[in-house]
Amino acid sequence: MKHLPVILVAIVFIIAALLAGLYAGKKVASFQLLNKTANVNVNATLKEILPAAEYASLVYHYTTVITHSDALQIFSKALPLTEKKTIYMIDGAIRLGFNSEDVKTDVSEKNIILYMPEIKMLSHEIYPETFKSYDEKTSFFNKYNLTDAYALQKINKDAMEEKVKQNGAVFIQARKLAEQQISSLIKNSPAIKDKYEIVFEWAKQ
């Protein structure tokens, strides 16, 4: 009988531990469910905000001025009196952005983390109607024609794409604009407004 109080204390302690464990487990399960629900809500909100496929955050407009010259060749040497040269101008636009389907999300207690893919060139359009030639000089044997115009436009298009690829500042700007645009849209959603901070994690460019 002397050991009865000790046994009772042990039983009470065990019961208390079990209840504490159940309570803690319930809290964790509740938090996990809340976190999962929040993630679902965020994903649903993003699907409403972002297009199903491509999202262009920056349109890079440009005007190119290029000097071109050419002459008829024979045995790798220019023939006299066959030189032609001109200065031409053409406008174009390169759309930079990402595929919305590649955006992944995670939700913590106070943050919405968006794992963003690399910014890439989505499209490149040139405007043939803006193609203009200035100070054109040709010879009787070597004149500019429609084939030349197409070739010059193609050369310019390839050169501009390479120029943009080498211009890291353009991709940084495209990321910043994407963050501003998406943050503004998400924070205006009633389910998210004033509840979360938006954190962007970009894939290495």
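1. In this predicted model, helix α3 (residues 168–187) lies across strands β6 and β8 and runs at about 150 degrees to β8. This packing of a helix on two strands is a convenient place to begin, and the points below proceed from the sheet to the core, the aromatic residues and the helices. The chain as a whole contains three helices and eight strands. Read from the N terminus, its elements follow the order α-β-β-β-β-β-β-β-α-α-β.

2. The strands under α3 belong to an open sheet of three strands, ordered β5-β6-β8, in which the pairing is mixed. The edges are occupied by β5 (104–107) and β8 (197–202); each has a single partner strand, so one side of each is left without a neighbour in the sheet. From one strand to the next, the twist averages 20 degrees.

3. The two pairings in this sheet deserve separate comment. Strands β5 and β6 are antiparallel and are joined over four bridges. They form a hairpin, with three residues between the two strands. Within this pairing, T105 has L114 in β6 as its bridge partner. Strand β6 (residues 111–116) and β8, by contrast, run parallel and are joined by six bridges. N111 stands opposite E197 in β8, and Y115 has E201 in β8 as its bridge partner. As general background, strands of a sheet pair through backbone hydrogen bonds, in either the parallel or the antiparallel sense.

4. Which elements supply the largest nonpolar core with at least two residues each? The core itself has 29 residues, and those with the most contacts inside it are L96, F98, I112, L114, M116, I182 and I186. At least two residues each come from β1 (54–70), β4 (84–99), β6, α2 (146–165), α3 and β8. The largest share, six residues, is that of α3, the helix that lies across β6 and β8. In soluble globular proteins, nonpolar side chains tend to be buried together. Over the whole chain of 205 residues, 30% count as buried.

5. F98 merits particular attention, as it is among the core residues with the most contacts inside the core. Why does F98 count as buried? Its relative accessibility is 0%, and the cut-off for a buried residue is under 20%. Leaving out residues up to four places away in sequence, F98 touches A53, E54, Y55, V103, M116, P117, E118, I119, L122, A178, I182 and W202. Two residues of this list, Y55 and W202, are taken up in the next point.

6. The model contains four aromatic pairs. One of them joins Y55 and F98; this pair is stacked, at 5.4 Å centre to centre and with 25 degrees between the planes. Y55 lies in strand β1 and F98 in strand β4, so the pair ties together parts that are 43 residues apart in sequence. Both Y55 and F98 are buried. F98 also pairs with W202, here edge-to-face, at 6.3 Å centre to centre and with 75 degrees between the planes. This second pair links distant parts of the chain, since F98 is in strand β4 and W202 in strand β8, 104 residues apart. Y55, F98 and W202 form one aromatic cluster.

7. Helix α3 also takes part in a contact between remote parts of the sequence. L177, which lies in α3, is 120 residues from S57 in sequence, yet their C-alpha atoms are 6.0 Å apart in space. Apart from neighbours within four places in sequence, L177 is in contact with S57 and L58. For the chain overall, 78% of the contacts between residues at least 6 apart in sequence join residues at least 24 apart.

8. How many salt bridges does the structure hold? There is one. The side chains of D158 and K154 meet in it, with an N to O distance of 2.7 Å. Both residues lie in helix α2, four residues apart, which is about one turn of the helix. D158 is partly exposed, having a relative accessible area of 39%. K154 likewise counts as partly exposed, at 47% relative accessibility.

Key. Residues numbered from 1 in each chain as written. Predicted model: local features only at pLDDT ≥ 70, side-chain atom pairs only at ≥ 80, totals over all residues. Heavy atoms only, no water. Pairing = 2+ DSSP bridges. Axes fitted to C-alpha atoms, helices over the stretch in contact; angles between N-to-C directions. Contact = heavy atoms within 4.5 Å. Core = buried A, V, L, I, M, F, W, Y, C linked by side-chain atoms within 4.5 Å. Buried < 20%, exposed > 50% of the residue type's maximum accessible area, 1.4 Å probe, protein only. Salt bridge = Lys/Arg side-chain N within 4 Å of Asp/Glu carboxyl O. Phe/Tyr/Trp six-rings, centres within 6.5 Å; stacked < 30°, edge-to-face > 60°.
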